[in-house]
Amino acid sequence: METGPEPKLLNVVDIEATCWDGQPPPGAVSEIIEIGLAVVDLRSAERVARHRILVRPARSTVSAFCTELTGLTQPEVDTGVSFAEACRLLASEHESGTRPWASWGDYDRNQFTRQCRATKTRYPFGHRHTNAKLPFTSSYGLRKRPGMAQALKVAGLPLEGRHHSGADDAWNIAALILEVAARDAWPEPTT
């Protein structure tokens with residue numbers, strides 16, 4: 001029996017974090033409350049999986065501003081796992097330590113780095129990260145790096161789901177990555 005070529009998988013990550021309209025309340029810090037993850041098979045050029053991990057914040061709460069932006073509520077994220085458990089899930093269920101990964105911009109990577117350092121949690125990702133905004137901007141010959149919603153318009157793709165939902169945004173970013181790959185502009189991850 002003949003099988004096709006091995007898949008070439010890429011994790012696409014988008015997070016949502018606690019946020020406020022202005023400065024955080026005294027003692028509060030921005031913490032990840034949702035990890036959206038879409039898996040792209042670059043070889044077959046399709047999105048093959050979609051995941052959502054809710055994360056219970058330990059040093060902040062979900063503000064009304066944050067709920068309006070993300071749709072997430074405090075009672076909803078209270079049902080989530082701890083940040084350390086979320087990182088373990090990424091590594092054990094999504095091969096985050098070995099599989100290359102991408103996000104739209106560097107915010108997600110930087111937030112994981114900060115929060116892992118602050119909580120003494122093992123960083124769940126390998127070092128093969130691509131800021132998807134860069135090859136997209138370059139492949140379309142844009143002068144400014146667009147936000148995800150604007151990039152979808154530029155590419156003529158629909159925004160699927162709710163903007164600022166980690167799971168929906170990861171799914172949409174995955175579509176943008178496939179668009180860049182179809183233009184032969186997606187970089188090979190460095191080792």
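Which residue is the bridge partner of V40 in β3? In this predicted model, that partner is R47, and the pair offers a way into the sheet and the elements around it.

Residues are numbered from 1 along each chain as its sequence is written, and because the model is predicted, local features need pLDDT of at least 70, side-chain atom pairs count only at pLDDT 80 or more, and totals for chains, interfaces and linings use all residues. Side-chain values rest on heavy atoms, with hydrogens and water left out.

**The sheet**

Helices (H or I, at least four residues) and strands (E, at least two) are DSSP runs numbered from the N terminus, and two strands pair if DSSP finds at least two bridges between them. Five strands form an open sheet with mixed pairing, in the order β3-β2-β1-β4-β5. Its edge strands, β3 (46-54) and β5 (129-131), each pair on one side only, and the twist from one strand to the next averages 25°. Strands of a sheet pair through backbone hydrogen bonds, either parallel or antiparallel. Three of the pairings are set out below.

| Strands | Sense | Bridges | Residues opposite each other |
|---|---|---|---|
| β2 (32-41) and β3 | antiparallel | eight | V40 and R47 |
| β1 and β2 | antiparallel | nine | I15 and I35 |
| β1 and β4 | parallel | two | N11 and W101 |

Strand β1 is mostly covered, since eight of its nine residues are buried, where buried means under 20% relative accessible area, exposed over 50%, and partly exposed in between (1.4 Å probe, protein chains only). Helix α4 packs on the sheet and touches β1 (9-17), β2, β4 and β5, contact being heavy atoms within 4.5 Å. The direction of α4 makes about 70° with that of β1; axes here are lines fitted to C-alpha atoms, for helices over the stretch in contact, and angles run from 0 to 180 degrees between N-to-C directions.

**Aromatic pairs**

Rings of Phe, Tyr and Trp (its six-membered ring) pair if their centres lie within 6.5 Å, and planes under 30 degrees apart count as stacked, over 60 as edge-to-face and the rest as tilted. By this rule the count comes to six aromatic pairs. In one of them, W104 and F136 have ring centres 5.6 Å apart and planes at 65°, so the pair is edge-to-face. Because W104 lies in the loop between β4 (101-103) and α4 (107-119) whereas F136 belongs to helix α5 (residues 133-139), the pair ties together parts that are 32 residues apart in sequence. Both W104 and F136 are buried.

The rings of Y123 and F125 are likewise edge-to-face, because their centres lie 5.8 Å apart and their planes stand at 70°. Y123 counts as partly exposed, at 28% relative accessibility, while F125 is buried, with a relative accessible area of 6%. Y123 and F125 belong with F83, W101 and F112 to one aromatic cluster.

**Helix α6**

In helix α6 (residues 148-155), the residues M148, A151, L152 and A155 are buried. These four cover an arc of only 105° around the axis, which puts them on the same side of α6; the arc is that of the directions from the helix axis to the C-beta atoms. The buried residues of α6 pack against α5 and α7 (166-182). Just after α6, G156 takes a positive phi of about 70°.
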